[in-house]
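Trainee: Before I use this model at the bench, I would like to go through the reasoning behind its labels.
Mentor: Then ask, and we will set each value against its cut-off.

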Amino acid sequence: MRAVLDHVGVAVKDLAAALAFYRDALGLDVEGAEDVASQRVRAHFVPVGGAALELLEATAADSPIAKYVEKRGPGLHHITLRVEDINAALAQLKSRGVRLIDEQPRPGAEHALVAFIHPSAAHGVLVELKQAAVAGRQSSVRRFALGDLELVSVCDGFFHLDGGAMFGVVPKPLWSARAPADDRNRITMAMRPLIVRGARTMIIDAGLGDKENAKFAEIYGVDRARNLDHSLAEAGLSADDIDIVLATHLHFDHAGGFTMRDASGRVRPRFPRAQYVVRRGEWEDATHPHERNKASYFADNYVPLADAGVLQLVDEDQTIMPGVRVQRTGGHTTHHQMVVIESGGKTAAFVADMMPTTAHLPGPWIMGYDLYPMDTLAAKNAFVKDAVANETLVFFEHDPATPAGYIKEEHGKRRVVPA
Ligand SMILES: [Zn+2]
Ligand SMILES: [Zn+2]
């Protein structure tokens, strides 16, 4: 396994005193704190070169850090090694009989997945394994060449949805091994629009945007500390560069970023030069929601596009710009569509909510939100068969760690190899 030193954890008894040393005396930068509810600790990151120090402060008397400090006093607590695939790393360790504290990964700071190895197996050191989320302290932008096109995966931050709802009929012991739940049973979801640069510049979906209020942010655990604005800037783009905005469907986590509130409070298109392309059936459903889907459709995200005259409705599967075509999947919503991108004999696909994360790869792992799960199943199985045969580069819009990968199938078992 390949691993790099991510950080060294230091258990702190008196945070003010610790800051007086690490920040004031040493003169190091201390980043904003983050609470890790599952561990009842607050983590303060201190970057040092490629790695960091992590000052750990207990937030409750029963926190593992509080117990550690009580028993041994403050000091070095753990080292963290970053790996690419934490499930593969744990499987390797298990096969060698290494004693683990966590048999399965759980949520850590910055939307990472983490698991601890028992100190008795690591010669007295508590070792944490970590699979980082793309878009934490590192870059949120991933670039891929596809023939004459450039594909740029960007990120509008993270939100959280009930894990049970995200995996439908799959029991928690199964899904939580792939997508660990927080203390409110929620799993972490990224929002990753895709930019296609070719004859024109297109963005597919645009994340949540910033029109929602604090109550919404609390319910959905929204973290947009690093959002689409940061991602676009990092990719060397601005909202003015976007010619076409293409919608897979109009749920708020995909279309929220289509509009913005201006200084006068009026909602207007977020990409000032763009034409917005939406499937007509989806538009009809979104503008006439029913009891089952109305929690996902907010008129402010798309009605202002029609008012501004920048809306283009398409009726069927077709090419939107050279190399980019839409294909209806149904299932999640009646007119949910994926985007197929082809250039230079290579194929990529942006599958949106047909397969929101890599954990949704098995046929029956389907969201409870889907209106027609049997349609999702059929569309997904047909797609996966094709994607395996064609070596399609698949984009997973909501995956916290893996923006894109290739699907492999061996002995009936599917897996994703991150790209
Ligand atoms: Zn959706
Ligand atoms: Zn979604």
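Trainee: Which helix and strands each supply at least two residues of the lining of the largest pocket?
Mentor: Bear in mind that this is a predicted model. The elements are helix 3 (86-95), strand 9 (142-146), strand 12 (186-190), strand 25 (404-410) and strand 26 (413-418). Strand 26 has the largest share of that lining, five residues.

Trainee: How much space lies in the largest pocket, and which lining residues are the closest to its centre?
Mentor: The volume is about 1,400 Å³. There are 49 lining residues, and Glu84, Asp85, Gln131, Thr402 and Pro418 are the closest to the centre. By class, the lining has 27 nonpolar, 11 polar and 11 charged residues.

Trainee: What is the volume of the second largest pocket, and which residues are the closest to its centre?
Mentor: About 650 Å³ for the second largest pocket. Of its 32 lining residues, Ile65, His77, His78, Phe116 and Leu126 are the closest to the centre. Helix 2 gives the most to this lining, with six residues. The lining divides into 19 nonpolar, six polar and seven charged residues.

Trainee: Which residues coordinate the zinc ion (ligand 1)?
Mentor: His249 (NE2), His251 (ND1), His332 (NE2) and Asp353 (OD) do, at 2.1 to 2.2 Å. Donors are N, O and S atoms within 2.8 Å of the metal, so these four atoms qualify. Along the chain, the donor residues are spaced H-x1-H-x80-H-x20-D.

Trainee: Why is the site of the zinc ion (ligand 1) called irregular?
Mentor: The angles among its four donor atoms run from 88 to 173°. Four donors count as tetrahedral if all angles lie between 85 and 135 degrees; the angle of 173° falls outside that range, so the tetrahedral label does not apply. The site is classed as irregular.

Trainee: What makes Asp353 a link between the zinc ion (ligand 1) and the zinc ion (ligand 2)?
Mentor: Asp353 coordinates both ions, which are 3.5 Å apart. For the zinc ion (ligand 2), the protein donors are Asp253 (OD), His254 (NE2), Asp353 (OD), Asp353 (OD) and His398 (NE2), lying 2.1 to 2.7 Å from the ion. The donor cut-off is 2.8 Å, so the distance of 2.7 Å still falls within it. The spacing of these donors along the chain is D-H-x98-D-x44-H.

Trainee: Are the donors His249 and His251 buried or exposed?
Mentor: His249 and His251 are buried. Asp253 and His254 are buried too.

Trainee: Why is Pro269 called buried?
Mentor: Pro269 has 15% relative accessibility, and buried means under 20%, so the label holds. Pro269 is in strand 17 (residues 267-269). Beyond its neighbours within four places in sequence, Pro269 is in contact with Phe258, Thr259, Met260, Tyr276, Leu305, Ala308 and Val310.

Trainee: And how do you know that Thr392 is buried?
Mentor: Thr392 has 4% relative accessibility, which is under 20%, so Thr392 counts as buried. Thr392 is in the loop between helix 11 (373-390) and strand 24 (393-395). Not counting residues up to four places away in sequence, Thr392 touches Thr347, Ala348, Ala349, Asp386, Ala387, Gly405 and Tyr406.

Methods
Residues are numbered from 1 along each chain as its sequence is written. Chains are lettered from A and ligands numbered from 1 in the order in which they are written. This is a predicted model: local features need pLDDT of at least 70, side-chain atom pairs count only at pLDDT 80 or more; totals for chains, interfaces and linings use all residues. Side-chain values use heavy atoms; hydrogens and water are left out. Donors are N, O and S atoms within 2.8 Å of the metal (3.2 Å for Na, K and Ca); water is not among the atoms, so sites may look incomplete. Four donors count as tetrahedral if all angles lie between 85 and 135 degrees; four count as square planar and six as octahedral if opposite donors are over 155 degrees apart and all others between 65 and 115; anything else is irregular. Buried means under 20% relative accessible area, exposed over 50%, partly exposed in between (1.4 Å probe, protein chains only). Helices (H or I, at least four residues) and strands (E, at least two) are DSSP runs, numbered from the N terminus. Contact means heavy atoms within 4.5 Å. On a 1 Å grid over the protein atoms alone, a cavity is a set of points where a 1.4 Å probe fits but cannot get out, and a pocket is an open set with protein on both sides within 12 Å along at least five of seven lines; lining residues have an atom within 4 Å of a point. Grid points are joined across faces, edges and corners, and a volume is the space filled by probe spheres set on the points. Ala, Val, Leu, Ile, Met, Phe, Trp, Tyr, Cys and Pro count as nonpolar, Asp, Glu, Lys and Arg as charged, and the others, Gly among them, as polar.
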